[in-house]
Each structure stands twice: as structure tokens, then as C-alpha cells.
There are 2 protein chains.
Amino acid sequence: MNSKLEKSVDGFVESIGQLGSNLGLNKMAAQLYALLFMSNDPLSLDDMMKRLKVSKGNVSVNVRELEKWGAARKVWVKGDRRDFYKAELDVFKIITERLKTGLTRRMDETLQAIKQAEETIREGGGNFNGKDKKTAKVYRERLEKAKEIYWRLNGLIETASKIIT
Amino acid sequence: MNSKLEKSVDGFVESIGQLGSNLGLNKMAAQLYALLFMSNDPLSLDDMMKRLKVSKGNVSVNVRELEKWGAARKVWVKGDRRDFYKAELDVFKIITERLKTGLTRRMDETLQAIKQAEETIREGGGNFNGKDKKTAKVYRERLEKAKEIYWRLNGLIETASKIIT
DNA sequence: TAGTTCATTCAGAATGTTTAGAACGATGCA
DNA sequence: TGCATCGTTCTAAACATTCTGAATGAACTA
């Protein structure tokens, strides 16, 4: 292949890897996706490992990760028993959904922690006195504020979700 | 301090640490923020290191990181030469801005990589023939598609940004 | 069946990130 | 000035993540 053409794609692949990392995805998976995205023909594991200069094991694991996300799919090439993969080109929604899921889960855990803290304070009830009473009051206020932030973030994610669809 | 009260906050702090990690922030910084957020009085480095059971160096670096972000500020306590910090309670916008900045920078780099690739192909111009000519055509198409995705993501970020304000 | 080619798995190597804690300089005070 | 108490910086260690490459077994061929 024309090495200039190849190099131009390398830059893109590299950049998508960085972007993926920034979004908490695996760099290799992101690079693999970019490579598949730019390729017209499906690629074999060998194609990918040669192109990205990484081990076959690495490609194997990560390309199946992409498949799991719905970002790539295995295709059958007549007369060849190797596995070939091609990119799901319309991946935008898939990735954002994935990011949303991770974030939502963490946020829900935080909401649980907030509720748990509130419960603990409620249990303490009238038993607090002096300094502790004041502290409990501040805690209740802050936890309330934390819940507000939770709901704002939640609304933001929902809105983003709708925009994507 | 009432240890039940303290424990209830610990759960919250822990959870915010996890959430912060998920957003690409430093776990310690996130925990420190949560701790300051819950505290009515400003805290000294010693207070924080004891509470989170981490080294003073660690606290020093990360609390100043928070200050840099505008998420915490140093306050002067009369008659005490130690540094005290308190949380900027309305931190929502600050954090999201920060996340936006990071993401936007990466995306801009990707856009540059796309444009660079396009330029390289354009330079090749009519010199491609046969297989390469076809490849160049596919590349142009895919890069066009990549730009589309870039602009959609960009729009999404902009919209989110407006919602936050 | 023996030999070849493939994908997968997994232990440990390589790499990247975070932390502890010692060393240091600055500040305040007697 | 000498001592005590801070905050900061830095190195090496701990820890977490990612990657390689050898081992394995499945699928195919002659």
C-alpha cells in the first residue's frame, strides 16, 4: 500500500486512541476501532497486529471487546477460515450509551451513599448534643445540597441522551 | 467527634472518590473535595491527612490541585499559622467546565489529525492509481464521516454546557 | 492421522500512576 | 540565634493497568 496513505491513517488512529483514553476506554480498543473504521475491507487479526505493531493476544482481546460493545462485528470471508472484523460505522450512539451507563452506575452508588449517611444521622436522632448536634445539622444541609447536584447531573445526562438519539 | 457521624461521611467520601476516578479526576483530590464539602469549618492539612489516612505530601499536592481548579480555597484562621482550606460549595460548573476543556482539547487534536489526513490524500492527488485510487476514495469518505461525528459530539458538548450554566 | 494455521487464554513482564515519607526551606517565636 | 512547626518537593516503593508471547486447543487439509 502507498505508505503516504498509510501514514495519514496512522495519525488518525493515534488521535482516536488518545481521545478514547480520555473517555475512559481502552486505548488499544479505540485504535483498533479507528483502524477498522478507515478500512473498506474487513481485517484479520494478523492485518491488525501488523498494522498497529502489537501482539495477536492483545488484538484478540480488544477486538472482541469492541464486538461486545457493538462497535465491530465479525464477518465471514468466503474461502478463508480466519476471523475478519469490520467496524460498525454508526458507532456514535453505542459509545455514548456505554459512557452513560458507567457514569450512571457510579452516580447511583453515590446517591446510595448519601441516603445511607442521611439514615445514619436520622438514627442518631435526638441523641446528639452540643457540638455534635450542630455537626449533624450541617451534614443534613450538605447532603441535601449533594442530592441537588446529583439530580442536576442526572438531568444533564438524560438530556444528552435524548440529543444523541 | 461522634464516630457514627464520622462514619456516615466516610461512605460519602469514598463514593465521591470512585465517581471522580470515573470522570478522569484524581481519586484523592475527589475525596479531599468531598471531605471539605461536608465540613463546616475549614480544615488544615493535618486534619485532612488524619481523616483520610494519607500522607501529608499527598494532601498538600492534591488540595492545591483543587485550589487550582477553583474547587477549594485557602482561608486564613486568625491566630493560626497553618493553612486551612474550605470547599467552594458551588462546584458543579467548575468540574463540568474542567471536563469539557479536557475533552474539547482531545477532540480538536482529532479534528487536526483528520484534516492532516485529508491534506495528505489531496497532495497525492492524481498520482494514485489502481487499488490506491480506490483506497484514497474510501479514506476521503470515511474522514468525511469522522468529521460529521466530530461536529455532532461538539454540538452535544455545547448543549450540555448551556444546560449547566 | 499428522501437520498446519488459526484464535484464545493466561502468567508474568513492562509500563504508567499514585502514594509514603524523608529532606528541605520558610516562618514564627523565645 | 536556636528551636519548633509548618508546607512543599522529590525519590523510591506500592499499586494498577496493559501488553507480550508461549501454551493450548480447535478447525481444517492432505
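A polar contact, for these notes, is a pair of N or O atoms within 3.5 Å; within protein, one must be able to donate a hydrogen and the other to accept it, and residues adjacent in sequence count only if both atoms are side-chain atoms.

**Ground rules**

I am working with a predicted model, where local features need pLDDT of at least 70, side-chain atom pairs count only at pLDDT 80 or more, and totals for chains, interfaces and linings use all residues. Residues are numbered from 1 along each chain as its sequence is written, chains are lettered from A and ligands numbered from 1 in the order in which they are written, and side-chain values use heavy atoms, with hydrogens and water left out.

**Entry: DNA strand C**

I started with the protein around strand C, calling a residue near if one of its heavy atoms lies within 4 Å of the strand. There are 16 residues around DNA strand C, and the nearest are S60(A), R64(A), R81(A), R82(A) and S55(B). Sugar and phosphate make up 78% of the strand C atoms that come within 4 Å of the protein.

Then I went through single contacts. R64(A) puts a polar side-chain atom 2.9 Å from a phosphate oxygen of strand C. S55(B) uses a backbone N or O atom instead, 2.7 Å from a phosphate oxygen of strand C. What does R81(A) reach with an N or O atom of its side chain? I found a base oxygen of strand C, at 2.4 Å.

For helices I take DSSP runs of H or I with at least four residues (strands are E runs of at least two), numbered from the N terminus. Helix 4 (56–69) of chain A and helix 4 (56–69) of chain B each give at least two residues to the surface near strand C. The largest share there, four residues, comes from helix 4 of chain A.

I also sorted that surface by class: Ala, Val, Leu, Ile, Met, Phe, Trp, Tyr, Cys and Pro are nonpolar, Asp, Glu, Lys and Arg are charged, and the others, Gly among them, are polar. The surface near strand C comes out as three nonpolar, six polar and seven charged residues.

**Entry: DNA strand D**

Next I looked at the other strand. Strand D has 16 residues around it, with S55(A), N58(A), S60(B), R64(B) and R81(B) nearest. Of its atoms within 4 Å of the protein, 73% belong to sugar or phosphate and the rest to bases.

I noted three contacts to phosphate oxygens of strand D. A side-chain N or O atom of N58(A) sits 3.0 Å from one, and a polar side-chain atom of R64(B) lies 2.9 Å from one. D83(B) comes in with a backbone N or O atom, at 3.0 Å.

Which helix supplies the largest share of the surface near strand D? I get helix 4 of chain B, with four residues. By class, this surface has three nonpolar, six polar and seven charged residues.

**Entry: chain B against chain A**

I took contact as heavy atoms within 4.5 Å. The contact draws 55 residues from chain B and 55 residues from chain A. For buried area I used the accessible area (1.4 Å probe) that two parts lose on being put together, summed over both. The two chains bury about 5000 Å² between them, 68% of it on carbon and sulfur atoms. F92(B), Y139(B) and R142(B) supply 14% of what chain B buries against chain A, more than any other three residues.

For salt bridges I wanted a side-chain nitrogen of Lys or Arg within 4 Å of a carboxyl oxygen of Asp or Glu. Two turn up across this interface. D41(A) and K131(B) form a salt bridge through their side chains, at 3.6 Å from N to O. I also get six residue pairs in polar contact across the interface, both residues at pLDDT 80 or more.

On chain B, helix 1 (3–22), helix 2 (27–38), helix 5 (92–124) and helix 6 (131–164) each supply at least two residues of the side touching chain A. Helix 6 gives the largest share, 19 residues. That side of chain B has 30 nonpolar, 13 polar and twelve charged residues.

**Entry: inside chain A**

Over all chains I have 28 salt bridges. R51(A) and E6(A) meet in one, 3.3 Å from N to O. The pair links distant parts of the chain, 45 residues apart: R51(A) is in helix 3 (residues 45–52) and E6(A) in helix 1 (residues 3–22).
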